[in-house]
Every structure is written in C-alpha cells, then in structure tokens.
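Subject: Structure handover

Hello,

Here is the structure we spoke about. Please open it alongside this note; my findings on the strands and helices follow.

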Amino acid sequence: LAQLFRPLDMLGMVYRTIRQGLIDMAAMFKLMDTAIEVRDAPGAPALVVHRPSVVFDNVTFGYEPERTILRGLSFEVPAGNHVAIVGPSGAGKSTIARLIFRFYDPQSGRILIDGQDISTVTQASLRAALGIVPQDSVLFNDTIGYNIGYGRHGASQQEIEDAARAAALMPLIDRLPQHFDTEVGERGLKLSGGEKQRVAIARTLVKNPPILLLDEATSALDTRTEQDILATLHRVAENRTSLSIAHRLSTIAESDRIFVLNDGRLAEQGTHTELLRHDGLYAEMWARQQAENDAIEQAAE
Ligand code: ATP
C-alpha cells in the first residue's frame with residue numbers, strides 16, 4: 001500500500017493529507033478494491049471549520065443502483081457532541097463514515113459539516129478536518145517517532161512527544177532501546193495490537209482534527225487493554241466532535257446520543273437510558289448482548 005502511494009510524496013503536503021486519509025480509510029474499511037469516484041468541483045473552496053457539527057440531510061445512497069443502503073437518512077451531531085451509531089450488521093454504519101470522508105457522493109440529499117455541503121469543498125480540506133482511528137492501523141517500516149509525526153507534515157519533536165504522552169505511549173517508548181528513534185519493523189510487527197492502536201491515536205493527536213471517527217470494535221485486544229484504549233480514545237475525543245461506529249454496545253452507554261440504524265433508516269435515537277426505556281430495537285440488542293456476556297462469563301467459570 002505504501003508503495004502504491006509513494007509517487008505522490010513529491011506532490012507535497014496536500015497530497016500527503018489525502019494519502020493519510022486514504023491509508024487510514026483503507027485500513028478501516030478495506031477500501032483498496034473500491035474505485036475512488038469523487039472529484040473536486042472546479043474552483044472548490046476549502047472547508048472552514050469553526051463549529052464542527054455534522055448533519056445528514058435526507059441522504060439516500062447505494063453502492064449499486066439496484067440496492068439502496070441508506071434511505072433518506074437525516075440526523076444531526078451538534079459541535080462537541082459524542083454520538084454512537086449502532087445497528088445490526090450490514091445496516092450501513094461504516095457506509096456513513098465512508099460518506100463523511102466523501103469516498104462516495106450520495107444519490108440524493110446532503111452532508112454538511114459546519115453548515116458547508118461537503119461535496120462543494122476540496123477533498124484535501126475535508127480530510128484534514130477528519131481524524132480516524134482504525135482498528136488495524138498501517139504503520140510504516142520506520143521509527144515510532146516517524147509513525148506518530150506522520151499525522152501532520154512538519155510536526156515538531158515536542159508535538160510528537162506530547163501526543164505520545166496523551167496516547168499513553170510513554171511507558172513503551174521509555175522501554176525501547178532508542179526511544180522515539182526505535183524502528184517498529186515491517187507493518188509495526190514489533191508492536192502489539194494495542195500499542196499499534198496507541199500509535200494511531202498519537203498520530204491523530206498530532207493531526208489535531210476537529211472531528212473524529214472512531215471504530216470501537218477493538219476485537220483484537222484483550223478486555224483490559226481494550227478498556228485502557230477506550231479510556232484514552234474518550235480523552236482524545238474531549239473538545240472535539242466524535243462519531244463512534246459501535247459494533248458492540250457495551251462501550252457507548254456514555255454517548256451524548258445514540259443513533260440506531262436499521263434497514264438504512266434511523267430507527268431510534270436517544271441516550272442509552274432513553275432508548276432502554278423506549279424498549280425497542282436498541283433495548284432488544286442490549287438485552288441480547290447482556291445475555292451473550294453472561295453466557296461467556298459462565299463458560300469461563
Ligand atoms: P458491520 O457492523 O457488519 O460492520 P455495517 O453496518 O458497518 O456492518 P456497512 O459496511 O456500512 O455495514 O455495509 C452496509 C451494506 O453495504 C452491506 O450489506 C454491505 O454488504 C454493503 N456494501 C458495503 N461496501 C460495499 C461496496 N463497496 N460495494 C457494494 N456493497 C457494499
């Protein structure tokens with residue numbers, strides 16, 4: 001993957017931003033077999049973000065004309081809110097994130113960030129405003145410092161260190177023989193899954209985007225590491241707007257709002273408590289997951 005994008009290096013920082021977005025998205029959504037069909041409108045202005053709200057306004061989208069995935073979807077994430085998107089497998093949760101990154105344009109409806117239709121602004125400025133922490137981050141065969149600083153062209157050593165500290169990477173870096181200058185190996189092989197994810201978090205902190213997309217299913221990690229990483233992610237999300245794509249429910253009870261997606265529509269929305277009281281799809285999913293957790297615990301006893 002890195003090799004595929006290498007020639008773009010010469011084209012400077014703008015392309016670097018796009019490339020970072022592509023690499024992270026590729027990792028998150030296994031996008032590489034997907035053609036990127038979207039172009040900047042001629043003379044498109046840059047996205048300007050003062051208050052990072054995200055709005056879906058009657059969005060209809062399908063990857064193929066004969067199969068609609070999102071059907072007139074509308075929701076609003078006010079600036080600074082933390083929302084979670086839940087729903088059955090295949091409901092279209094990751095599709096929402098792909099549309100926010102503008103890997104595709106909706107067939108109808110609009111997506112607005114801070115009031116600006118994302119199809120009218122440059123993709124470079126859009127992707128610069130978005131941070132993503134994928135489950136399986138792509139690391140380069142370079143030093144851990146380089147991998148963190150990759151979040152933003154020209155990041156200073158101080159910024160890299162601050163980000164490493166905030167992502168709780170310092171205990172690891174202190175242990176490494178050459179600290180920040182230690183090579184991580186091909187695809188970060190010398191690091192554990194949790195450590196790689198912390199590098200991705202630190203990279204996002206260096207980028208400092210106003211909007212975060214989080215993929216919270218940290219299935220590759222043990223429960224304790226997962227809890228630690230989630231705590232770090234939630235700290236990172238403070239002072240930003242965040243959308244979490246939650247494949248499991250246990251991690252999202254604290255969200256400001258939960259959107260329950262079903263069959264391409266918003267079936268329910270509310271806080272965890274409101275949705276449990278509503279006793280609909282969310283309550284059903286929650287009960288099922290609790291039962292599964294209990295069964296796992298009993299089997300372990
Ligand atoms: P999960 O929780 O299982 O990850 P999800 O809610 O995130 O599911 P999406 O990845 O958004 O689901 O997929 C929604 C639907 O779109 C699925 O039926 C999927 O098969 C289909 N889909 C996803 N990507 C493509 C693509 N590139 N081309 C065609 N169909 C696609």
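Two strands count as paired if DSSP finds at least two bridges between them. One such pair is β1 with strand β4 (residues 108–113), antiparallel, over five bridges. In that pairing, Val54 sits opposite Ile113 of β4. Please keep in mind that this is a predicted model.

β1 covers residues 54–61 and is also joined to strand β2 (residues 70–77). These two run antiparallel, again with five bridges. Here Phe56 faces Phe75 in β2.

Now the six-stranded sheet. The sheet is open, its pairing is mixed, and its order is β6-β7-β8-β3-β9-β10. β6 (130–133) and β10 (265–270) are the edge strands; each has a single partner, so one side of each lacks a neighbour in the sheet. On average, neighbouring strands in this sheet are turned by 20 degrees against each other, direction ignored.

At the β10 edge, the partner is strand β9 (residues 257–262). That pair is antiparallel and has five bridges. Val260 has Glu268 in β10 as its bridge partner.

Two helices belong in this picture. Helix α8 (residues 193–207) packs on the sheet and touches β6 and β7. The direction of α8 makes about 170 degrees with that of β6. Helix α3 (residues 93–100) lies across β3 (82–86), β6, β7 (211–215), β8 (241–245) and β9. Relative to β8, α3 runs at about 145 degrees.

Best wishes

Conventions. Residues are numbered from 1 along each chain as its sequence is written. This is a predicted model: local features need pLDDT of at least 70, side-chain atom pairs count only at pLDDT 80 or more; totals for chains, interfaces and linings use all residues. Side-chain values use heavy atoms; hydrogens and water are left out. Helices (H or I, at least four residues) and strands (E, at least two) are DSSP runs, numbered from the N terminus. Axes are lines fitted to C-alpha atoms, for helices over the stretch in contact, and angles run from 0 to 180 degrees between N-to-C directions. Contact means heavy atoms within 4.5 Å.
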